[in-house]
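Good morning, and thank you for joining this meeting. Please look at the structure on the screen while I describe how its helices are arranged.

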Amino acid sequence: MRMRAAIIAALILTLAASFACAERTQAAASLKATMRAWKTNMGALEGMAAGAAPLDSAEALRLLQEFATDSQTTAGRSIVTGADAADIHARFEAFSADARRAGEAIPAGDPLQPHLLRLRADCRSCHDLYAN
Ligand code: HEC
């Protein structure tokens with residue numbers, strides 16, 4: 001009887017561990033997908049800011065809004081655990097806030113370029129630490 005309880009307990013632990021692992025794998029896969037989308041979005045925004053493409057205010061706003069919401073969602077996920085988790089969380093929160101500020105520049109008629117440089121710096125500084 002005790003043996004059976006031990007086996008069941010072990011099974012539950014194994015299942016719990018594999019669920020936690022699957023959740024992390026899924027979070028990692030969706031992080032990659034998010035990052036690839038961000039690369040495309042950033043290219044489009046930089047093209048507009050550089051005058052390579054005409055500034056489509058509505059589209060630029062949509063892309064920046066996507067940054068802000070994606071980043072908020074990502075900050076809420078358990079991508080990385082351990083000592084770095086709090087720092088990464090804070091970085092995604094900061095990126096989200098910077099994207100929102102960049103979005104506010106558009107209706108205000110402020111230049112987009114400085115905001116994009118800020119966002120680029122956010123991408124780079126996080127990658128330098130966590131995406132090698
Ligand atoms: C707060 C952290 C953070 C920020 C901000 C961030 N990234 Fe990332 N990025 C990561 C991490 C972590 C990875 C590695 C993901 C992996 O390999 O699973 C990554 C990977 C990538 C990749 C490679 C994806 C692949 O297919 O392997 C691209 C492209 C990318 N990021 C683009 C960007 C762009 C563009 C920005 C800014 C607009 C940005 N990232 C902002 C953390 C961040």
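Helix α2 passes helix α3 in a left-handed crossing, meaning that the near helix is turned anticlockwise from the far one by less than a right angle. Helices here are DSSP runs of H or I with at least four residues, strands are E runs of at least two, and both are numbered from the N terminus. This is a predicted model, in which local features need pLDDT of at least 70, side-chain atom pairs count only at pLDDT 80 or more, and totals for chains, interfaces and linings use all residues. Residues are numbered from 1 along each chain as its sequence is written.

Helix α2 covers residues 57-75 and α3 covers residues 85-108; they pack at about 165 degrees, with their axes 8 Å apart. Axes are lines fitted to C-alpha atoms over the stretch in contact, and angles run from 0 to 180 degrees between N-to-C directions. The pair is therefore roughly antiparallel, a term for angles over 145 degrees.

Turning to the wider fold, the protein has four helices and zero strands.

Its largest nonpolar core has 13 residues, and L63, L64 and F67 are among those with the most contacts inside it. Such a core is a set of buried Ala, Val, Leu, Ile, Met, Phe, Trp, Tyr and Cys residues joined through C-beta atoms within 7 Å. Buried means that 20 or more other C-beta atoms lie within 10 Å of the residue's own, with C-beta atoms placed from the backbone. Buried residues make up 17% of the 132 residues in the protein.

Technical notes:
Angles under 35 degrees count as roughly parallel, over 145 as roughly antiparallel, 65 to 115 as roughly perpendicular and the rest as oblique. A residue is buried if 20 or more other C-beta atoms lie within 10 Å of its own, exposed if 12 or fewer, and partly exposed in between; C-beta atoms are placed from the backbone.
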